[in-house]
Amino acid sequence: MEDNQALVPVVDNHMAKLTITYNGQQGDLPDPVSYDATDGDLKQMATESVRQGYIPGIDAAAGVDFTDFVVDRFPARNDVPFNRLSLRPKTPFGRKLPLKRCRNCDYLPPKGSQRSDVCSNCDEAM
Amino acid sequence: METAMVFDEDGRPIFWHEPPGRSGGYLPDSRSLWDVLWENRARLGGVAHTHPWDGQAYPSGTDVTTFAAVEAGLGKKLLWPVVTFTEVRYYVRNPLTSQYVETDTAFMRTSYLDWIAQMDELRRRSRNGG
C-alpha cells in the first residue's frame, strides 16, 4: 500500500461529520454520515447513538429526545475541508400570525405567503 | 417587532436578539442565537422576549417547546420572561411536571430598578423594530 493512503480524506464529498449538542455536552458521531440524509434520519441516528452512549463526550441518556432540535448544514470550505452537520436546539419564539383576508375583494393569500397589510390581488389596504 | 434579550445569572444583558426576518408575532430560528447561548452557557441566566402588544404575557406553544429544547441542549434550567407592553411574567420549568409555570423573580441577583430598565429597553427595541 502507498504511504499516501493516509492522505485520503476520511469524509468524502457526500459524507459529513455530525456534531451533536445535548445536556451541556458536545460530541461527534464516530462514523461519517450522508450529507444528504434527512433531518429525521439524522435525529434518529443521534437518538440511538446517545441512548447507547456511542458519542464520545456525551453521557448516555435513555430519555434523550431530539424532536425540537434542528440540523444546520455546513458544506466543506477551504479552511474546513469536509462537510459538517450540527444538531442543536431550535430557537424560534412567538407564533406566525394568521394570514389576513382582504376586506375589499375577499382575497385570502395562499398558505405560506408573507402576512401583508396590502392585498396582493387588488393592491388595497387589507 | 418581537425582540429578545439574553441575560446572565445576575440579570445583566449579554445579547440583544433582533434578527432579520422577525415580525410582530415571530422570531425565526437562529443559529447565531444558539451560538450566543452555547458560548455563554456557564453564566447564562435566561432569555426574555417580547410579545409586542398590550395585555397578558403568556408563552406560546412555540415558546414553550423552544424553552425545553434549549434547556435540553444546555443541560441547564433557565428563566424565561415574557414581556408585553403592559406586563412581564416569568416562567421556569417545574421539574416534577416538566411544565413551564409562572414564578417570581426573587432569585434574580440584579437590582429591581436595573431589571425594570432592561425590560423598558427591550420594549423600546420592540416598538422601534430595532
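Here is a short conversation about how chains A and B meet in this predicted model.

Biologist: Happy to have you here! Which strand of chain A gives the most to the side that touches chain B?

Modeller: Good place to start. In this interface, 18 residues of chain A are in contact with 29 residues of chain B. On the chain A side, β1, β4, β5 and β6 each supply at least two residues. The strand that gives the most, with three residues, is β4(A).

Biologist: And which residue is the bridge partner of Phe93(A) in β3(B)?

Modeller: Here two strands from separate chains come together. β6(A) pairs with β3(B), residues 26-27, in the antiparallel sense over two bridges. Within that pairing, the bridge partner of Phe93(A) is Leu27(B).

Biologist: Is Ala69(B) buried or exposed?

Modeller: Let's look around it. Ala69(B) lies in helix α2 of chain B, residues 61-74. Across the interface, Ala69(B) is in contact with Asp68(A), Phe69(A), Pro89(A) and Lys90(A). Because 22 other C-beta atoms lie within 10 Å, and 20 or more is the cut-off, Ala69(B) counts as buried.

Biologist: Lovely. Which element gives the most to the largest nonpolar core?

Modeller: That core has 41 residues, and Leu18(A), Ile20(A) and Ala46(A) have the most contacts inside it. Ile20(A), for instance, is in contact with residues including Ala46(A), Val50(A) and Leu87(A). Elements of both chains give two or more residues to the core, among them β1 and α1 of chain A and β4 of chain B. The element that gives the most, with five residues, is α2(B).

Methods
Residues are numbered from 1 along each chain as its sequence is written. Chains are lettered from A and ligands numbered from 1 in the order in which they are written. This is a predicted model: local features need pLDDT of at least 70, side-chain atom pairs count only at pLDDT 80 or more; totals for chains, interfaces and linings use all residues. Two residues are in contact if their C-beta atoms, placed from the backbone, lie within 7 Å. Helices (H or I, at least four residues) and strands (E, at least two) are DSSP runs, numbered from the N terminus. Two strands pair if DSSP finds at least two bridges between them. A residue is buried if 20 or more other C-beta atoms lie within 10 Å of its own, exposed if 12 or fewer, and partly exposed in between; C-beta atoms are placed from the backbone. A nonpolar core is a set of buried Ala, Val, Leu, Ile, Met, Phe, Trp, Tyr and Cys residues joined through C-beta atoms within 7 Å. Lists of a residue's contacts leave out its neighbours within four places in sequence.
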